[in-house]
Every structure is written in structure tokens, then in C-alpha cells.
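Welcome! Take a moment to turn the model around on your screen, and then read on for a short tour of a few of its parts.

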Amino acid sequence: MMGWAKKYGDIFSVRMGTKTTVILNGYEAIQDVFQRKGALTSGRPRIPTFDFLHGRGILCADYCARQRAQREFTLKYLAKADTEKQTEDEIDALLQYIRDTNGEPFDFNSTISATISNIIESILFGSKLEQEGPNVKILVDSIQAASRLSAQASFQNFLPFLSFLPQCRNGNEAWNVFSSHVTRLLERHILGYDARATRGLVDAFLHQSKRSDSENSFSFNDDDLIANCQTLYIGGSETTSTTLTWGMLFLLSNPDVCEKINAELEEVVGKTRRPSLADRPNLPYVNATLMEIQRCNYIGPLSLPHKAIRDTTINGYVIPEGTTILANFWSVFMDEKNWPNPREFRPSRFLDEDGNLKKIETFIPFSLGKRSCPGETVARQEMFLVVTALVKAFTFHVPEGEAIPDPDGSLGLMNEPPRYRVLQAILISASAQRGGLKPGVRLIDPASVTLYSCDTGDIYDSSTWVLVYPNGTGQVEVNNTISTRQAGGLMHKINAVQEVA
Ligand code: HEM
């Protein structure tokens, strides 16, 4: 696609099967077509992967009054949502899960997917306690299976006449399973509906749809409710968790970035508490890193297709009504003009000489115009809270003998990162280390570190402790959070402290 853009320019069309698709390359073309001409280009063509939504819901519905009303309502609700509260318990559970791994490797992708799925459930249905039970796990598993299977059949979105192939059928069946789980969850939730309480976005939808006054122009029936629940669950889970999986990969490969994040967090947040959204404006380097994570291996290179609602003219060419329009976001984020050495992971590109965050117009990971992502605020808040909590609490490594994978994505439903495992560094006593915890053990010179508890700030006697990265054996004696700080400023956070008697 990038080669074609060089050859044919920023806007060209290709024939995919029986249909003509216009491809937009570079910020200017996307801004012009999606934002300036948005009233004519914000339709949504059929997306075969999401046929199970029957063209309903904010994402799949064509651009019309019904879609706009539901989108506006969702945007307003999400703008006021208390993301901090909704993510708090899930982040606690994530940190505890990682502590409990006690230095054993775990699959980062599926761990973070479960956390993010649970957060979107809290946003939709309210308190997590309401949803406790086997349904939660089934839902997470089913969306992952559906994404995986339909990724293998993502070609059907460009060549819909191939939808009869077995890969497409498997993907579609997996989405049907996901869809029936959401419907069941929703039905259960509705049984507990109380007009006086708003447990989450679903209740807000229900209140609004039951209003019968003359000002209520909100078009919303049960099918819309189901479709929007499914849409928001899909839109809000795999996007964010895939971005975070790329993020951890970049942080593993760039320990200097982790050091700078740690230094900034220590200065602004201190040692003992977890970063909160109120800290966000004071953490330019953290914000720059999160933006660079989104830019450097953007998850949706071709985003979602738009459709011309009426005949329109783009760059002097007449685009007939019904034409599919795809934006090549990869071309925006890999544009040498705006991002020198674009494949290099460099958060400082988002900072000015004084270390302040720069506003860069061409940074558009949530798209532009009338179909831009309504989950942007929530997604950015979630990513901030999860990344800062993880980096503050742990030092991650890949297991001994496993290489950090190259940041090469594979294109399915999204630009998928390679799978990898991580483990947290753990601390053992020098005597335990002498006592045989050896394969893969790496030492920090005890004299050069200061150990302190992230919880209490207490300083520990470093001469008796060493830092190890592997899956150590031995007895867990204390299980609180301890950090080590090297003389040079390097920080290591350790959760499991092991001692052999
Ligand atoms: C890192 C996370 C995310 C990224 C990068 C992202 C990106 C995008 C992009 C590029 C679009 C397509 C815009 C277009 O058609 O021009 C989109 C649409 C959408 N996103 Fe997100 N998104 C993220 C998270 C979320 C979250 C957390 C939610 C829900 C809470 C969400 C809900 C939606 C919905 C409903 C749409 C369809 C909007 C419409 O058709 O009007 N997204 N997103």
C-alpha cells in the first residue's frame, strides 16, 4: 500500500472484487475527506466480519439520525464516566495476579486482555461484583477466540464474495457465540433494572429509551441495545489490550525509557502511592511514551471503512455514492516528514526542548470527523492508569533464554503484536543465591542499591539481598512490594522476596 501511495499519490482507487475502493494516504488527505467532507463520507459499508451485528449499533450502522443520537448519547456518558473508579479494582487484581506469579513467566497478551475486558464490562454493566461468575471468563475467552479466528479470514472484508470459505464460516460462528453470551449477560442485567439506579452505560441507555416525553428523540429498541453492548465491548477491549501489548514490548526493548518513566513517577507521584489521573498533566514523559506506543506500531493500519453517502468530489475525482473509502493510517504514522526515522521508538519526539508535551496535529490514532472513536477519552485514561501502575510496581523481563521478539506485527483484524512471555524480577537473599538459585540468576551489586518498600517507603539493608530474574525456587517469606534503586538512578521494583532458611 505504501508503495502504491508513492507511485499513485495520496488518493487513489483500487478495484476489490466487484467494488471500487478509494484509499487515502497521509494526514492531509484523511483530514480533508473524513473531517472537512465528513458530512458526505461518514457512511459505513457492510463489514462482513461484523455481519452478526446486522448493521446495527454505533459502529456498523450507516450515518443516519439514529446512529448519531446513539453515538452522541454514548459520548456524553463516557465523557462523564469515572474511569479511575471503574479501573481501580481491575488494576488491583492485575497487580496481585502478577505478584502471585512470583517470578514465573506469564503470557502478557492474554493477561492484559482479561483486565481490559473486565474494565469495559464495568463501564457497561456497573460494578464488577454484579458480574461475578462463570460468564465473565466465557465472554473474555469468546471474544478472543472470535478475534483470532476472524483475523484469519479478514480478507472477507475486502473480498466479501469469499465469505463462503471455511475460515470465514469459523470466524462468523465464533462471533455468534460471543454475541449470544453478551445477550445472556444483558438479559440477566435487565432483570435487576431499577429506574432509580444507574449501574453503568446499559442502564443509562435503558433510562433514556423508557423516557416518553416529547423531547425524547432517542431511537432505541432492544436490538439497538444488544448491538451497542456488543459493539462497545468489541471496540473497547481488543483495541486497548493490543495497544498495551505493543507497549510492553517497546518497554522491554527500551529499558532507558522505563528508567525515565520511573524517574518522572518518583519525582511527581512519590514512592508510596499509585499514579492517578490527576497526575497526568504533570507527567509529560509518561504521556509522550503512551503516544509513541500508539504511533510506532499502530493497531489499525487501515482503520474501519467509510462509505460515500452521496456523490462527492475528492481531489478532482468524482466518487459515486456508495463507494468504500479506506484511510491508510500507517502512512500517517510512518511519514518521514512528520516523524523522522519513523520505525524508531522515541517518546521524545512528542516533547519540546523544555520537556513539555507537544500538540502534534498529525497524531490521529482515534481517527477524525463524525465517525472518530467515541472511546478515545476512556482508552487514553485506561492506558495511562494501567501502564503507570505496572511500571511503578514491577520490573519486567523476558524469561532467560527467550529473546524479546522483534516488533513485527501480523495483520489480522488489527496489527497484532507477536506473543511473548514476561516475568517480574524478584529479590532473594544472598544466602539463598549461594544455596543454589542459579540458572539465569543475575546479580546487582548489593552495595550499589538502596532497597525500599513501595508501600511504606522503609529502607532495607541491601547488603543481604540480591536481585534475580528467573523463576526461583525457595520459600516465599515476605510478599510485599520492595524497590531497589541503584546509585546511578536505575530502579528495580521487586514483589516477591524469597529467603531460604
Ligand atoms: C487504544 C484504543 C482505541 C483505538 C486506537 C481506537 C480507534 C478507533 C478508530 C480508528 C475508530 C474508527 C474511526 C473511523 O471509522 O473513522 C474507532 C471507532 C470506534 N471505537 Fe475506538 N479505539 C480505541 C478504544 C475504544 C474504546 C475504549 C471504545 C469504547 C469504550 C471504543 C469504541 C469505538 C466505537 C463504538 C467506534 C465506532 C464509532 C462510529 O462508527 O461512529 N474504542 N476506534
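Let's begin with helix 11, residues 222-253, in this predicted model. Its 32 residues, at 1.5 Å a residue, should span 46 Å, and its end C-alpha atoms are 47 Å apart, so the expected and computed values agree.

**Around helix 11**
- Of the 32 residues in helix 11, 27 are buried, so the helix is largely enclosed by the rest of the structure.
- A residue counts as buried when 20 or more other C-beta atoms lie within 10 Å of its own.

**A small sheet**
- Now look for the open sheet, where 3 strands line up in the order 3-11-8 with antiparallel pairing.
- Strand 3 (106-107) and strand 8 (396-397) are the edge strands, and each of them pairs on one side only.
- Strand 8 is joined to strand 11 (residues 421-424) by 2 bridges, and these two strands run antiparallel.
- To find one bridge yourself, start at His397 and look for its partner in strand 11, which is Leu423.

**A residue with an annotation**
- Cys373 is listed by UniProt, in an unreviewed entry, under "binding site".
- You will find Cys373 in the loop between helix 14 (329-333) and helix 15 (376-393).
- Is Cys373 buried, exposed or partly exposed? It has 19 C-beta neighbours inside 10 Å, so Cys373 counts as partly exposed, because buried residues need 20 or more.
- Leaving aside neighbours within four places in sequence, Cys373 is in contact with Phe366 and Ser367.

How values were computed
Residues are numbered from 1 along each chain as its sequence is written. This is a predicted model: local features need pLDDT of at least 70, side-chain atom pairs count only at pLDDT 80 or more; totals for chains, interfaces and linings use all residues. Two strands pair if DSSP finds at least two bridges between them. Helices (H or I, at least four residues) and strands (E, at least two) are DSSP runs, numbered from the N terminus. UniProt positions are given in the numbering used here, feature names are shortened, and annotations may be inferred rather than shown by experiment. A residue is buried if 20 or more other C-beta atoms lie within 10 Å of its own, exposed if 12 or fewer, and partly exposed in between; C-beta atoms are placed from the backbone. Two residues are in contact if their C-beta atoms, placed from the backbone, lie within 7 Å. The expected span of a helix is 1.5 Å times one less than its number of residues.
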